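Subject: Structure handover

Hello,

Here is the structure you asked for. Please load it first, then read my notes below.

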Amino acid sequence: MSSSGIATKDLKRRLGARVVRTDEAARRAASFDSSKIPFLPDAVIHPRKEADIGVVLALANKFRVPVTTRGRGTTLTGAAAPLRGGWVIDMLGLNKIVINEEAGMTHVQAGAKVADIQRAAEAKGWFYPPDPSSKEYCTIGGNIACNAGGMHGGKYGVTRDFIVALRGFLPTGEYVEWGTATKKFSAGFNMRDLWIGSEGMLGVVTGAVLKLIPQPAARWTLLTSFRDETCALEAALALFRSRVQPAICEFLDRESVLCAERATQRTVFAGQAGKPVILLELAGSKSEVREQSKTVLAWAAAHATAHRVARNRDEAEQLWAVRRKCSGAMFELGDAKLNEDIVIPMRSYVKFAKFLVRLKRESGLHVPTFGHLADGNLHVNIMYHRANRAETRAAEKAVQLLMETVVALGGAISGEHGIGLAKTPFLRIQHSPAQVRAMQAVKTALDPRGILNPGKMFEVFHVWKHEKLAVKLPWDHK
Ligand SMILES: Cc1cc2nc3c(=O)[nH]c(=O)nc-3n(C[C@H](O)[C@H](O)[C@H](O)COP(=O)(O)OP(=O)(O)OC[C@H]3O[C@@H](n4cnc5c(N)ncnc54)[C@H](O)[C@@H]3O)c2cc1C
């Protein structure tokens, strides 16, 4: 029997066959994430209690078994795929949520679903703002590991801004706590922030204390349209200069609007068909929203070709529904999508808008783009047909040029999804050799045997050269 086979047998003896699954169905289900490139693990572990994870990691170190932690597997980068086989720890069973009403904090286990945390907070008058579009599926552990963000990022921040403390296990199996449930903590290195965004490579998060803020008493939604993309981005800059901080400021370029319109058979904005739009939401106290809405209406009158205020929450919801449709609707432009979640500094918005026009023209591809203008996080979607070799090559070239341009403009190659496997070819565009060496030194110090999520982030992997599974996942667009 191989050493991995002996290790799995030993693990089953310690934790039981219900916790350690080696049947084909369980292994196949954990073999891939939303990137749909499969790597079959030897076993899938469903811990009953947090301490089980220490047992798994200690044994994995002894036998050098690769271990991949899995939340819900919604990551688009391949970060949760067990590239080197071994064991997958499925965190979904550890999902307790407790609200601490006085402190404005919530104590959660890593497998808790993000939307459940938001609902639990809301029931007590509190608000947990980080809101990835996948929130009805993804776990808080996965959000911490990727430093997930969403539409609220510009005003409130991302997952990192709401983490008070973390607990879990080092790759060696030792239990650790980074911080406590207090608002201040300056004792020692800030290892908590090192774990956030480490994509399951520096430890397994089992629990977290999250900061909550009071629920905003009022919300106000406005839809605006613009002559072209450059006008829209210039207008957004003018709005931010007027010191208005919208809770949400979503931009959809013309291609995204057209896709959404064709998919829904409805115009996004009557009389403004096919124009780029910005959807704005103000949130806060009633008086704050009232004051800011006056400034925003004056801004819209000066910069937009048209604007429309949502009269109530139902009408606002109809506007947001269009935004949610646009990502799936893009598949009419190609059966494959390189979905890049880059970040652009505000000072480079207009240059970037011009670059996108050039990228579309030179690649000959459709590149619908939408995203969060209040934090510069844009989703650039390079669409192509997988069976068309010329289009595939053009997409490869386009994504390389995109990443080089983003970094040259002072931006980031990822603002939400992380590196995983998909962004490994571009890591060294963002980071100098010294920066990469520093990250690798941290990895080696915490994980001397390299068992946790091996092969990710630092080794170059070309996702588009690998066959994808033809499976439909619950969060795939209908
Ligand atoms: C339709 C759709 C919309 C999306 N929208 C957004 C969005 O708006 N914003 C955004 O940021 N992302 C978005 N994503 C990406 C994805 O949902 C996030 O990256 C999310 O944080 C992943 O959570 P998960 O529970 O599915 O983690 P998984 O996909 O299972 O894992 C992701 C990474 O986290 C690690 N990990 C998971 N749990 C733990 C743990 N407990 N301890 C240590 N490491 C762990 C894994 O090893 C892996 O490296 C979207 C994805 C889809 C499919």
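Two strands count as paired here if DSSP finds at least two bridges between them. Keep in mind that this is a predicted model.

**The seven-stranded sheet**

With that rule, seven strands form an open sheet. Their order is β15-β12-β14-β13-β17-β18-β16, and the pairing is antiparallel. The edges are β15 (306–309) and β16 (336–343), each of which pairs on one side only. On average, neighbouring strands in this sheet are turned by 15° against each other, ignoring direction.

Inside the sheet, look at β13 (residues 248–252) and β14 (residues 277–284). These two run antiparallel and are joined by five bridges. C249 stands opposite L280 in β14.

**Domains**

The domain assignment splits the protein chain into domain 1 (3–90), domain 2 (97–214), domain 3 (218–330) and domain 4 (334–446). The centres of domain 1 and domain 2, taken over C-alpha atoms, are separated by 23 Å. Their contact takes 14 residues from domain 1 and 18 residues from domain 2.

On the domain 1 side, α3 (51–63) and β3 (67–70) each supply at least two residues. The most come from α3, which gives five residues. By type, this side of domain 1 holds five nonpolar, seven polar and two charged residues.

**Cores**

The largest nonpolar core has 62 residues. Those touching the most other members are V277, I278, L280, C326, I342, I382 and L402. Where does this core lie relative to domain 3 and domain 4? It lies between them, because domain 3 (218–330) and domain 4 (334–446) both give residues to it.

L402 has contacts with E340, I342, L359 and V380, leaving out residues up to four places away in sequence. A second, separate core has 56 residues, including I89, A145, V205 and L210.

**The five-stranded sheet**

There is also an open sheet of five strands, in the order β5-β6-β10-β8-β9. Pairing is antiparallel here. The edge strands are β5 (97–100) and β9 (175–178), each pairing on one side only. The average turn between neighbouring strands of this sheet is 15°, direction ignored.

Start at the β5 edge. Four bridges join β5 to β6 (residues 105–109), and the two run antiparallel. N100 has M105 as its bridge partner in β6. Helix α4 (residues 114–123) lies across β5 and β6. It runs at about 35° to β5.

Now the β9 edge. β8 (residues 163–169) pairs with β9 over four bridges, in the antiparallel sense. R167 stands opposite E177 in β9. The two strands β8 and β9 form a hairpin, with five residues between them. In the turn, G173 has a positive phi of about 100°.

**Two residues with positive phi**

Two backbone angles deserve a look in your viewer. R64 is not a glycine, yet it has a positive phi of about 55°. R64 sits in the loop between α3 and β3. Is R64 buried, exposed or partly exposed? R64 is partly exposed, because 14 other C-beta atoms lie within 10 Å, and that class falls between the exposed limit of 12 or fewer and the buried limit of 20 or more.

N147 is not a glycine either, and its phi is positive at about 50°. N147 is in the loop between α5 (140–146) and α6 (153–156). With 23 other C-beta atoms within 10 Å, N147 is buried.

**Towards the end of the chain**

Q440 lies in helix α15 (residues 433–446). Q440 has 12 other C-beta atoms within 10 Å, so it is exposed. How far apart are Q440 and F458 in space, C-alpha to C-alpha? The distance is 8.0 Å, while Q440 and F458 are 18 residues apart in sequence.

Best wishes

Methods. Residues numbered from 1 in each chain as written. Predicted model: local features only at pLDDT ≥ 70, side-chain atom pairs only at ≥ 80, totals over all residues. Domains from an automatic or database assignment. Contact = placed C-beta atoms within 7 Å. Nonpolar A, V, L, I, M, F, W, Y, C, P; charged D, E, K, R; others polar. Axes fitted to C-alpha atoms, helices over the stretch in contact; angles between N-to-C directions. Core = buried A, V, L, I, M, F, W, Y, C linked by C-beta atoms within 7 Å.
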